[in-house]
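Please read the model below with two topics in mind: the course of one helix, and the pairing of charged side chains. The explanation takes the helix before turning to the charged pairs.

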Amino acid sequence: MALAESLGLGFKALGWSAERQVPEDERISSRAMGWTMAIALIFFTAVFILLPSLVNRGASDALGVSGFAYHLLEGAIRLAIFIGYLVLIAQLKDIKRVFEYHGAEHKAIAAYENGAELTPESAQRFSTEHVRCGTNFLLTVMLVTIVVYAFVGRPSLPWMIVSRIVLIPVIAGLSYEVIRFAAKHMDKRWVRALMRPGLALQRLTTRQPSLDQLEVAIVSLRAAMTAEQLAEVAARSTAPTIAPGTRPALGTA
C-alpha cells in the first residue's frame, strides 16, 4: 500500500514538473501523460526484466549452467545491463544536469536530517549519497529478483515470461521494505555494509551541484515541509550539529 502510494505521488510529481517546463497551450493532456508513463513501465519491464531472462536462457544452455547459478547469472546480466544503461545516459548533457540536481536534492535532505542550517553553503558540505534514493532501490530490485526467481525455478519459456511480469509487484514490494528497514537502521554496521553497493552506485546518478542548484533543491524541500518543520529549521544555528562527511542521509530522497 505504501509503495503504491509512493508511486502514485511520484507520477503526479513528474507530471506536474513536466507541465511547468512548457507553455500552457503546449502541455500534454493527462491521458497522454498516462500513456507516456505506461510506455516507460513497458520499457523497463522489457529491458531490465525480460531481456536478461531471455539472454540468460541461451547463455546458460551454452555454458551448462543450472540450479541457483542459473539465477545468479541472470542477475549478473540484469545488473550489467542496468549499469551499462546508467553509464550510457550519463553521457548526455541534459542528463548530466539532471544528475547535478539529483545530487543537490540529496545534499539538501542530508543537511535537514542532520540538523544543519538549510542554506546552499551548509548543504554543499554533505554527501550526495542517500540510502532511500531510487538508484539504491533499483539495485535492491536487481538483487531481490535473484532470490524471488529462484523459487520459480526454470519453467518453460511462456511461463518464464509470465512469471517475470506477474512477480514484478512482489519484487518491488519486497525491495521497498528492504530500503525502509535499512533507512531506520543505518546506525548498524552490517546494514551500512549491505547498503554500500547501492550508495556507491549513486556516483553514476548524482553529480556535485552548484550553489544555485542547491538553492533550488532547498526551496523545493521547504515547499514540502509543514509549518512545524519550517519553524524548527528556522530555529537552527548557522553551524551543523554534526561534522558532515560521507554518511548518507536517512530520509526519503
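A residue is called buried here when its relative accessible area is under 20%, exposed when that area is over 50%, and partly exposed in between. Glu129, with a relative accessible area of 9%, is therefore buried. The model in which this holds is a predicted one, and the values that follow are computed from it.

Helix H9 covers residues 189-201, and at 1.5 Å a residue its 13 residues should span 18 Å; the C-alpha atoms at its ends lie 19 Å apart, which agrees with that expectation. The helix nevertheless has a kink of about 45° at Met195, shortly before the proline Pro197. Met195 is also one of the buried residues of H9, the others being Val191, Gly198, Leu199 and Leu201. The cover over these buried residues includes helix H3 (68-89), strand S1 (130-132), helix H6 (134-152) and helix H8 (168-184).

The charged side chains come next. Side chains of opposite charge can pair when their charged atoms come close. In the whole structure, a search finds 6 salt bridges, and one of them brings us back to H9.

The side chain of Arg196 meets that of Glu129 in a salt bridge, with a distance of 3.1 Å from N to O. This pair links distant parts of the chain, since Glu129 sits in the loop between helix H5 (120-123) and S1, whereas Arg196 belongs to helix H9, 67 residues apart from Glu129. The two partners also fall into separate accessibility classes: Glu129 is buried at 9%, while Arg196, with a relative accessible area of 35%, is partly exposed.

Helix H3, which was named above as part of the cover over H9, holds a salt bridge of its own, between Glu74 and Arg78, whose closest N and O atoms are 2.8 Å apart. Both residues lie in H3 and are 4 residues apart, about one turn of the helix. Glu74 has a relative accessible area of 1% and so counts as buried, and Arg78 is likewise buried, with a relative accessible area of 1%. The pairing extends further, in that Glu74, Arg78 and Arg164 are linked in a network of salt bridges.

A further salt bridge joins the side chains of Glu232 and Arg236, at 3.0 Å from N to O. Glu232 is partly exposed, because its relative accessible area is 37%, whereas Arg236, at 15% relative accessibility, counts as buried.

Key. Residues are numbered from 1 along each chain as its sequence is written. This is a predicted model: local features need pLDDT of at least 70, side-chain atom pairs count only at pLDDT 80 or more; totals for chains, interfaces and linings use all residues. Side-chain values use heavy atoms; hydrogens and water are left out. Helices (H or I, at least four residues) and strands (E, at least two) are DSSP runs, numbered from the N terminus. The expected span of a helix is 1.5 Å times one less than its number of residues. The bend at a residue is the angle between axes fitted to the seven residues ending there and the seven starting there. Buried means under 20% relative accessible area, exposed over 50%, partly exposed in between (1.4 Å probe, protein chains only). Contact means heavy atoms within 4.5 Å. A salt bridge is a side-chain nitrogen of Lys or Arg within 4 Å of a carboxyl oxygen of Asp or Glu.
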